[in-house]
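These are my notebook entries on one structure. I looked up ring pairs, burial and the relation between the chains.

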Protein chains: 2
Amino acid sequence: MREVFNLEPEQVPTSWYNILADLPVEVPPSRPAPPRNNGQAPLRPQLPLSMYRPSIGRKRFVPIPEPVRAEYQRWRPTPLYRASRLEKALDTPAHIYFKYEGTSPSGSHKINTALAQAYYYGQSGVKEMVTGTGAGQWGSALAMACHPYGMECTVFMVRSSYRQKPYRGTLMRLNGAKVFTSPSEETEVGRAALRADPDSPGSLGIANAEAIEYANDRKEARFSIGSGENHVLMHQTVIGEEALLQMELAGEFPDVVIGAMGAGSNFAGITFPFYRAAQTENPATRFLAVEPDACPKMTRGSYLMDHTDYSGVTPAVKMYTLGHTFMAYHIHAGGLRYHGAAPIVSAMYHHDLVEAISYGQNRVFESGAAFAKAEGLVPAPESAHAVAAAIDEAVKAREERKKRVILFGLSGHGLLDLSAYESYLSGETVDVVPTDEEIQKSLRPLLEPT
Amino acid sequence: MREVFNLEPEQVPTSWYNILADLPVEVPPSRPAPPRNNGQAPLRPQLPLSMYRPSIGRKRFVPIPEPVRAEYQRWRPTPLYRASRLEKALDTPAHIYFKYEGTSPSGSHKINTALAQAYYYGQSGVKEMVTGTGAGQWGSALAMACHPYGMECTVFMVRSSYRQKPYRGTLMRLNGAKVFTSPSEETEVGRAALRADPDSPGSLGIANAEAIEYANDRKEARFSIGSGENHVLMHQTVIGEEALLQMELAGEFPDVVIGAMGAGSNFAGITFPFYRAAQTENPATRFLAVEPDACPKMTRGSYLMDHTDYSGVTPAVKMYTLGHTFMAYHIHAGGLRYHGAAPIVSAMYHHDLVEAISYGQNRVFESGAAFAKAEGLVPAPESAHAVAAAIDEAVKAREERKKRVILFGLSGHGLLDLSAYESYLSGETVDVVPTDEEIQKSLRPLLEPT
């Protein structure tokens, strides 16, 4: 049985896919950033228009600039595998496929958008990219992406993740980036967070707010974000476009496409092209977003106008959110500790075009370890969320005695997360779930009239 | 300029290359294992004949069993890159190419032979593979390789490496292996080493001696070795055979081929096929083995009959060695702390068919960091030895104002070695070099008449 489906470098997509061209539902427009009354400089637009415009338009295919595509071809197309050993271990009639982004230089899908952004920002004259990062996958991807274009890179990394994964910081520095732990003393937002709680573990919201402030204070610097925004989702569609061709090689079309859900770019990357193709190939195909119990924005959040950053200086967007001040408990999958879901994914979820499910982290690591033993690849804790859902789908197929074609996105390897697996294997990993009261507390301010 | 040279899965070699068919020099035969007079069971042959025989014969090409080749095709062919950004950073007229084995499931070249060995052992009825590992790359490769064939895997890992890289142990356990730190209490060899020095950092020689004893005491277990032996070198030639085709795509033939030198399988893998091709393509091509100052078996050792294991129970082979009781100082490149050079490589070195050079570890990490910054890939500390030599060759080309085509093997990524890079970046990495007296001490017993 064939287990690997490879494409030629020439088959790296020449265009990104803009799902707005095909969505039957409205994605509400964003609300301009609020005026700043704390004496800080007004927030400049941070996005190059050449990158931003196509991501809010209705053109279906957006050409990938040749220098970006040439970078992609250094490791893309990534492989798609049939997980036949996992199928055997589960004794399931399901066919399980996964698209593997762990072969990228940064070890995850994040570099797909990092390279695109570095290119567009560089073209518009920016000399320094500034960002926030949770688990560090985004930060290391951006650090790597800046170098080919001769740009500087500055990263605010969530403190709890930095402590637990110091080597992500090493990796960023090896790639020439400047790294601050967040909350930091570098910005007003960071200093305020430290005054409120000197031991603050930080959050992606705070790290991004720090990066925004830091970039806003420097003439040739701009803030860059690794997920959630339309353009980021669009850049990641190279994953699904390749996977479409590869599933064609396999001669099957998925009944369900599964992706882990942080802010949504990984999920969008693997699912959006299949959403388009499903209209003709298999309208019953389901799209399943998997989030952690600790940060259940879709399964327990509300569909509201909210900010993407902790301090509320960014334009508000309509999304499933736990509130931009929500502070998720620490989990190993730091990349999924973000309070909101991308506006496009949120609109699709609101109109039942996608489904969502959440898992506790012990179940996630159990699935990740089972997958590693069967397939010889260790998934990042974030990606292991998708593995857990794929295993559940395969078990359901076994119970129903029906074939089911399952495709999931394995967004990155877990070689920098082995300490998390060690903690799980030693029985030290705790399941953490916010109470309704905790969620309501951060949502309440959003429900009040402004 | 084209920077990536990819091949199709169909271009994974169908045969391994046996350099004995083409060598103009003699590789002296091994001397049978000495009788054991300590009351232990006599040492059984550990190698399946189906694997061993072709590796001492004169047949040039040995067909790769189809199940092994199918496993290779899960990630092979591996990419070959032109390091044009490193060339630019060095301002050199040299063309630098590297063959990258870091995309394998185990993150290094080791799995090429691990899969072949697991296959042959399994075919001959073995149920448990036992081995010693230094830096852990070999142990994790063997753990991954055993699973597809339903075999158990037991690993003795050098204690100093285990302490510094605990996550290699996690990786092996995730792949279902049993892991002991060596010296251990599990074997007589281990207990003796602990009696002599309770704080012994261990060595690959001791770990292998423990694995041999452990396997010898169990009916369905056999010892497997990750480097040095003829068959291991042969399995690794898939690297060089692919690289030959890829250099053809690039339209160049190397003036020098460089590989890091532990016991020799990585070096052989990248160089042997080029040795064959050079006879017609470019007889002046040089082959350069790079070892650490801390374990200079080629540059400072002697060409003598010696054992491959610490306790001297294995057959003796003629090789460049520091003596099987040589205890190298700790360095981060644990995979290169082996006392001897493979018999084939040793014979070639003795007859000036290959060259050797050694570097201190600060120079090695400086080179690894420069490479990472330029190319976005972090080399394992072992592989960074080859990077250091490639940089030296490129600098010489600049000084001579002459083009030079350099190819080196990047045998694995350094994502599990970021703590070592952190130590280097913090200025905490120390260069350690054995004295002449230390080397003579472990060589002396070999010079005495037996």
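**Aromatic pairs and their surroundings**

I first looked up burial, and found that Phe98(B) and Phe408(B) are both buried (under 20% relative accessible area, with exposed over 50% and partly exposed in between; 1.4 Å probe, protein chains only). I note that this is a predicted model, in which local features need pLDDT of at least 70, side-chain atom pairs count only at pLDDT 80 or more, and totals for chains, interfaces and linings use all residues. Residues are numbered from 1 along each chain as its sequence is written, chains are lettered from A and ligands numbered from 1 in the order in which they are written, and side-chain values use heavy atoms, with hydrogens and water left out.

I then counted ring pairs, taking rings of Phe, Tyr and Trp (its six-membered ring) with centres within 6.5 Å; planes under 30 degrees apart are stacked, over 60 edge-to-face, and the rest tilted. Over all chains I recorded 38 aromatic pairs. Phe98(B) and Phe408(B) form a stacked pair, with 5.6 Å centre to centre and 20° between the planes. Phe98(B) belongs to strand S5 (residues 95-100) of chain B and Phe408(B) to strand S15 (residues 405-410) of chain B, so the pair ties together parts 310 residues apart in sequence. Helices (H or I, at least four residues) and strands (E, at least two) are DSSP runs, numbered from the N terminus.

The ring centres of Phe180(B) and Tyr214(B) are 6.0 Å apart and their planes stand at 55°, so I entered this pair as tilted. Phe180(B) is in strand S8 (residues 178-182) of chain B and Tyr214(B) in helix H9 (residues 204-216) of chain B, 34 residues apart. Both Phe180(B) and Tyr214(B) are buried.

In chain A, I found a cluster in which ring pairs link Trp16(A), Tyr119(A), Tyr120(A) and Tyr149(A).

**Helix H14 of chain A**

I noted that seven of the eight residues of helix H14 (residues 343-350) of chain A are buried. Among them are Pro343(A), Ile344(A) and Tyr349(A). Just after H14(A), Asp352(A) has a positive phi of about 60°.

**Relation of the chains**

I superposed the copies by least squares on the C-alpha atoms of residues with pLDDT of at least 70 in both. A rotation of 180° with 0.0 Å of shift along its axis brings chain B onto chain A, at RMSD 0.0 Å. The two copies are thus related as by a two-fold rotation axis. Within chain B, Thr103(B) comes closest to the rotation axis, at 3.1 Å (C-alpha).
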